[in-house]
Every structure is written in structure tokens, then in C-alpha cells.
Amino acid sequence: MGLGSFFKRNKDKEEEIVESHIDINTDDCNGADCEKCVIACPNNVLIKEGEDTIVRSPLTCKHCKVCEAICPNDCILVN
Ligand code: SF4
Ligand code: SF4
């Protein structure tokens, strides 16, 4: 289970890879059958993508850890 990464578009329109501080253990996540963290996140950081739950915009995360608290499988970690 490693930290995910995402693309950040900077002001020069070039993309750089940025480490995400939110880690979802996809082995334990129920994805689209659950979505509790997606619904609970007040900042729309997490989204459903197909059958999976993914981190869309980690830069808008406020570290409230509501997602951690609501996850029934303890499979999301905010570092
Ligand atoms: S810590 Fe809070 S803001 Fe960040 S992804 Fe979880 S619920 Fe959303
Ligand atoms: S609450 Fe947990 S099990 Fe449910 S979608 Fe989010 S990370 Fe996956």
C-alpha cells in the first residue's frame, strides 16, 4: 500500500507529479458499492471512478479526517 500520486497543472501549463497524502487501500475498499467517504468529504476530494473510489483533488483536502472516521473498512488514511 503506497502513497498515490497525481498530476498537478502549474501556471505554465506543464504537469508535474505530486505525491498524494491520502492513501486508499484498494484491496479493502468497497468502491462504488460504498462511497461513504465520497459523500462525507466536505471538500469533494474523493470521487467515484467506475467501480473505484479515487483521490481527485488532494490539494483541497483540509485534513479533517472525516473520511477516515466514516470508512467501515479502515482502508483510507490521511497522512
Ligand atoms: S481528510 Fe477531510 S477533506 Fe481530506 S479527503 Fe478526508 S474528508 Fe475530505
Ligand atoms: S468509505 Fe472506505 S470502503 Fe467506502 S469507498 Fe471510502 S475508502 Fe472505500
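**Cys71 and ligand 2**

Select Cys71 in this predicted model. Its relative accessibility is 13%, and because the threshold for burial is under 20%, Cys71 counts as buried. Now add ligand 2 to the selection. Cys71 is among the closest residues to ligand 2, together with Cys29, Cys34, Cys37 and Thr53. The full shell around ligand 2 holds 13 residues. Colour that shell by class: seven of its residues are nonpolar, four are polar and two are charged.

Stay with this shell and select Cys34. Is Cys34 buried or partly exposed? Its relative accessibility is 26%, so Cys34 counts as partly exposed.

**Ligand 1**

Move next to ligand 1. Which residues are closest to ligand 1? They are Cys41, Cys61, Cys64, Lys65 and Cys67, in a surrounding set of 13 residues. By class, the shell of ligand 1 divides into nine nonpolar, two polar and two charged residues.

With the cysteines around both ligands on display, a check of the sulfur atoms is in order. A disulfide is a covalent bond between the sulfur atoms of two cysteines. How many disulfides does the structure hold? The count is zero.

**The fold as a whole**

Switch to a cartoon view. The protein has two helices and six strands. Followed along the sequence, these elements run in the pattern β-β-β-α-β-β-α-β. Colouring by accessibility brings out the buried residues, which make up 28% of the 79 residues in the protein. For a view of long-range contacts, consider pairs with a sequence separation of 6 or more: 38% of these contacts are between residues 24 or more positions apart.

**The nonpolar core**

Select Ile22, Val45, Leu46, Cys67 and Ile76. These residues have the most contacts inside the largest nonpolar core, which has 13 residues. Which elements give two or more residues to this core? They are strand 3, helix 1 (36–40) and strand 6 (76–78).

Centre the view on Leu46. Leaving out residues up to four places away in sequence, Leu46 touches Ile22, Ile24, Cys37, Val38, Cys41, Ile54, Val55, Arg56, Cys67 and Ile76. Two of the cysteines in that list link this stop to the earlier ones: Cys37 is among the closest residues to ligand 2, and Cys41 is among the closest to ligand 1.

**Lys48 in strand 4**

From Leu46, go to Lys48, which belongs to strand 4 (residues 46–49). Lys48 has a relative accessible area of 44% and is therefore partly exposed. Beyond its neighbours within four places in sequence, Lys48 is in contact with Ala32, Glu35 and Val38. Draw a C-alpha distance from Lys48 to Ala32: the two residues are 16 apart along the chain, and the separation is 6.3 Å.

**The His21 and His63 pair**

Select His21, located in the loop between strand 2 (15–19) and strand 3 (22–24). With a relative accessible area of 18%, His21 is buried. Apart from its neighbours within four places in sequence, His21 contacts Pro58, Cys61, His63, Leu77, Val78 and Asn79. Of these, Cys61 was met earlier as one of the closest residues to ligand 1.

What joins the side chains of His21 and His63? A polar contact of 3.5 Å does so.

Now select His63 itself, in the loop between strand 5 (52–55) and helix 2 (66–70). Its relative accessible area is 43%, so His63 is partly exposed, whereas His21 is buried. Check the backbone of His63 as well: phi is positive, at about 60°, although the residue is not a glycine. Excluding neighbours within four places in sequence, the contacts of His63 are with His21, Val78 and Asn79. Val78 and Asn79 also appear in the contact list of His21. The C-alpha atoms of His63 and Val78 are 6.9 Å apart, for a sequence separation of 15 residues.

**Asp74, the last stop**

Finish at Asp74, in the loop between helix 2 and strand 6. Is Asp74 buried or exposed? Its relative accessible area is 67%, and because the exposed class begins over 50%, Asp74 is exposed. The backbone here has a positive phi, near 50°, in a residue other than glycine.

Definitions and conventions:
Residues numbered from 1 in each chain as written. Chains lettered and ligands numbered in written order. Predicted model: local features only at pLDDT ≥ 70, side-chain atom pairs only at ≥ 80, totals over all residues. Heavy atoms only, no water. Disulfide = S-S within 2.5 Å. Buried < 20%, exposed > 50% of the residue type's maximum accessible area, 1.4 Å probe, protein only. Near = heavy atom within 4 Å. Nonpolar A, V, L, I, M, F, W, Y, C, P; charged D, E, K, R; others polar. Helix = DSSP H or I, 4+ residues; strand = E, 2+ residues; numbered from the N terminus. Polar contact = N/O pair within 3.5 Å; in protein donor to acceptor, adjacent residues only side chain to side chain. Contact = heavy atoms within 4.5 Å. Core = buried A, V, L, I, M, F, W, Y, C linked by side-chain atoms within 4.5 Å.
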